[in-house]
Amino acid sequence: MIHFVGAGPGAVDLITVRGKKLIEEADVIIYAGSLVNPELLKYAGKDTEIYDSAKLTLDQVLGLMKAADDEKKNVVRLHTGDPSIYGAIREQMDYLDGEGIPYDTTPGVSSFCGAAAALNMEYTLPGISQSVIITRMEGRTPVPERESVEALSAHGATMVFFLSAGDIGRLVEKLISSGRHKDTPCALVYKATWDDEMKFVCTLDTLEKTALDYGINKTALIIVGETVAQTGYEKSRLYAPDFSTGYRKGQES
Ligand code: SAH
């Protein structure tokens with residue numbers, strides 16, 4: 001059995017209780033060493049075989065899974081954040097389906113949630129934005145044209161950019177050419193929830209310089225939109241005195 005497990009954004013105590021238990025019970029752990037906190041491996045048993053997938057090709061990872069499953073071993077495939085976001089899990093699952101090897105998934109706290117926590121931020125402020133666009137700028141991996149930075153930015157929603165901190169100048173150009181003002185609030189969060197986390201609230205105008213000044217070009221998220229300022233919103237209707245819900249009868253004014 002292969003267990004895909006979300007390791008969370010960095011802090012060791014942000015893995016789920018279920019994820020921790022699976023690590024404790026694993027015979028083999030294959031972890032994404034580029035981003036998963038190695039401290040999590042201390043939960044593994046002393047005889048557990050541990051492999052860093054950052055040094056392996058897809059075929060090598062699949063080979064390890066197959067060999068372990070042939071020996072009836074329990075495998076944890078530990079992915080950073082939540083496996084469903086840029087986790088490249090489908091290609092692993094399709095192989096496992098082909099081989100008839102069973103698997104399941106344990107979710108994790110994605111880094112976009114870790115970054116919001118670092119900023120004490122609400123992404124969905126009434127009256128400002130009720131949507132979060134999780135995306136990336138195209139790099140070596142292409143992005144469909146209809147999901148270009150310019151096309152998505154036109155919605156005016158809160159945007160969270162993964163995998164884009166290596167070319168912030170180009171990202172800012174695209175956002176400005178799509179009509180975002182240079183004073184648009186944005187945030188840069190490096191290694192959210194890790195001990196060496198850094199977080200900055202700035203504007204599109206100052207974003208690139210902020211990243212340069214602090215040497216940030218990877219393991220960071222860029223959050224763009226009016227919600228980043230965390231002001232000027234409307235209060236939630238759910239808690240308004242005159243609003244009835246299934247749990248509370250609203251007062252008439
Ligand atoms: N599945 C992961 C994302 C993997 S893609 C998740 O749910 O978070 C890798 C990208 O995620 C990095 O390039 C960076 O943009 C972002 N990332 C991962 N961990 C991060 C962290 N702790 N702080 C900020 N960004 C992070």
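## A tour from the sheet outwards

Begin by selecting Phe 161 in this predicted model and look across to S10, where its bridge partner is Ile 222. The two strands involved, S7 and S10, run antiparallel and are joined by three bridges.

Now widen the selection to the sheet as a whole, which is open and consists of five strands in the order S6-S7-S10-S8-S9, with mixed pairing. At its edges stand S6 (132-136) and S9, and because each has a single partner strand, one side of each is left without a neighbour in the sheet. From one strand to the next, the twist averages 20°.

Next, add the helices that pack on this sheet. Helix H4 (residues 111-119) touches S6, S7, S8, S9 and S10, and its direction makes about 70° with that of S10. H7, by contrast, touches S8, S9 and S10 as it packs on the sheet, with a direction that makes about 145° with that of S9.

With these elements displayed, turn to the side chains of the largest nonpolar core, which has 24 residues; those that touch the most other members are Phe 161, Leu 175, Leu 188, Leu 207, Ile 222 and Val 224. Among the elements that give two or more residues to this core are helix H5 (149-153), strand S7 (158-162), strand S8 (185-190) and helix H7 (204-213), while H6 gives the most, with four residues. Centre the view on Leu 188 and, setting aside residues up to four places away in sequence, you will find that it touches, among others, Ile 168, Phe 200, Leu 207, Ala 211, Ile 216 and Ile 222. Elsewhere there is a second, separate core of 16 residues, which includes Val 5, Val 36, Val 76 and Leu 78.

Move on to helix H3 (residues 90-99), and select Gln 92, Met 93 and Leu 96, which are buried. These residues lie on the same side of H3, because they cover an arc of only 95° around the axis. The buried residues of H3 pack against strand S1 (2-6), helix H2 (58-70), strand S4 (75-79) and strand S5 (103-106). Follow the chain just past H3 to reach Gly 100, which takes a positive phi of about 70°.

Finally, select Ser 53, in the loop between strand S3 (49-52) and H2. Is this residue, Ser 53, buried or exposed? Its relative accessibility is 11%, so Ser 53 counts as buried, the cut-off being under 20%. Leaving aside neighbours within four places in sequence, Ser 53 is in contact with Ile 30, Tyr 31, Ala 32, Val 61 and Arg 77.

Terms used. Residues numbered from 1 in each chain as written. Predicted model: local features only at pLDDT ≥ 70, side-chain atom pairs only at ≥ 80, totals over all residues. Heavy atoms only, no water. Buried < 20%, exposed > 50% of the residue type's maximum accessible area, 1.4 Å probe, protein only. Arc of directions from axis to C-beta. Contact = heavy atoms within 4.5 Å. Core = buried A, V, L, I, M, F, W, Y, C linked by side-chain atoms within 4.5 Å. Pairing = 2+ DSSP bridges. Axes fitted to C-alpha atoms, helices over the stretch in contact; angles between N-to-C directions.
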